[in-house]
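Let's take a walk through the enclosed spaces of this protein. Open your viewer and have the selection tool ready.

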Amino acid sequence: MDGWDKPVGAMMSEDNGSTPTSPLVNQSCADRKCYMVLHEAEKTAIGSICFLAGPFTFLENALVLGVIAATATLRQRPSYLFIGSLALADVFASCFFTTSFLDFHLFHRLDGHNAYLFKLGGVTMAFTGSVGSLLLTALDRYLCIHQASSYKVVLTRRRALLALLALWSATILISFLPLMGWRCPTGLCPPCSRLFPYIDHRYLACWVSFILVLLSLILGAYALILWRANRHEASMTGHQGAPTRGQARMRLDIRLARTLGLILLIMVGCWLPTLSFMLADVSVQLTRIQQRAFAFCSTMCLVNSAVNPLLYALRCRELRLALMRLLGGLSDRLGCCQRHVGGDTTTTLPLGESNSCSAHSESEVPRLVSCRPNTVSEMVGKQQLDMTGI
């Protein structure tokens, strides 16, 4: 039977396999012990995921942010502004989720209810901003392929910044509504959420519905992109007759389908279990086993934040080239400093070597450009060239 309706002592005795030894007391679970449901083996497994995925997520997303911030050409393009917003949200996720999850479930730290709601608001803000940035990225690619001729006019840098401002303003407002007063009126007693202390069922239902709408829009945008690519390939094949060039390389729509399939599979696989448990929490009373399963599924959202840079940022040729330039310049500066330690060095030598490093990186551009496009953005760019007959 459900552990919520039983006293904490009885619940702990049942988990240990012994007979309940305490009378009916503390049914309200005022100390939040009924939310701390993980066993030692589960703490070890989930803690390992957080300790590994948390720092890795932070480092790779911070690297993406640094490259975009340090490269003027990338900062001017809406696509990379959206990717930067995604990286920023995932940096927040690596910080807020890892610290709050480990503090609560592994170290059993009991903050005040306002402090707890602030931490939970940070987690909500991070994941809401991440999904919202994924939607802006999908819409950017949709406009790029459906309005190729007017893309630069429709989506300017100013409009992209306004979209990001609207996204993060709405995200912050929605995420901290419980801290601002929309919390469970009965404290920790039913009918409050069984997954999050102090959270009202109605707020949880609204947030889950909002995330599901965003995910549905992302799926719809990528479906339209794939449909347009398929139509374009079919029309090109009809005009050219025998697909002699298609025999040498895979069709654009097939490559696009594989890329989009990988993106959507990871996104849905990481988010759907967590959202399913939240919807179940709104409609039924979850058992302790289901609470423990939710704790594991929620770590998949952190894994999604760790995978996002590999899918959206580091697969972009221009960002990789900018990263190579930055690393090459840093390596040359460090090498110059090591060669001239103790000598009379001036700033002209490192600058000269840095410039030569940039020129050396430029010489690698043909090699990178000649590579087959492997991201949705690069496929879209290639498709635009095909449409114009270049």
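**The smaller stop**

Begin by selecting helix 2 (40–70), helix 4 and helix 12, each of which supplies at least two residues to the lining of the second largest cavity. Helices here are DSSP runs of H or I with at least four residues, numbered from the N terminus. A cavity is a set of points, on a 1 Å grid over the protein atoms alone, where a 1.4 Å probe fits but cannot get out, and lining residues have an atom within 4 Å of a point.

This is a predicted model, where local features need pLDDT of at least 70, side-chain atom pairs count only at pLDDT 80 or more, and totals for chains, interfaces and linings use all residues. Residues are numbered from 1 along each chain as its sequence is written, and side-chain values use heavy atoms, leaving out hydrogens and water.

Now show N61, V64, I83, L86, A87, D90, N308, P309, Y312 and A313, which line this second largest cavity. Its volume is about 40 Å³, a volume being the space filled by probe spheres set on the points, which are joined across faces, edges and corners.

**The main stop**

How many cavities of 30 Å³ or more does a search of the whole structure find? There are two, and the largest holds about 590 Å³ of space. Select Y116, L120, V123, F196 and F294: among the 37 lining residues, these lie nearest the centre of the largest cavity. Next, colour helix 5, which gives the most to this lining, with eight residues.

Terms used. 1 Å grid on protein atoms, 1.4 Å probe; cavity = no way out; pocket = protein on both sides within 12 Å on 5 of 7 lines; lining within 4 Å.
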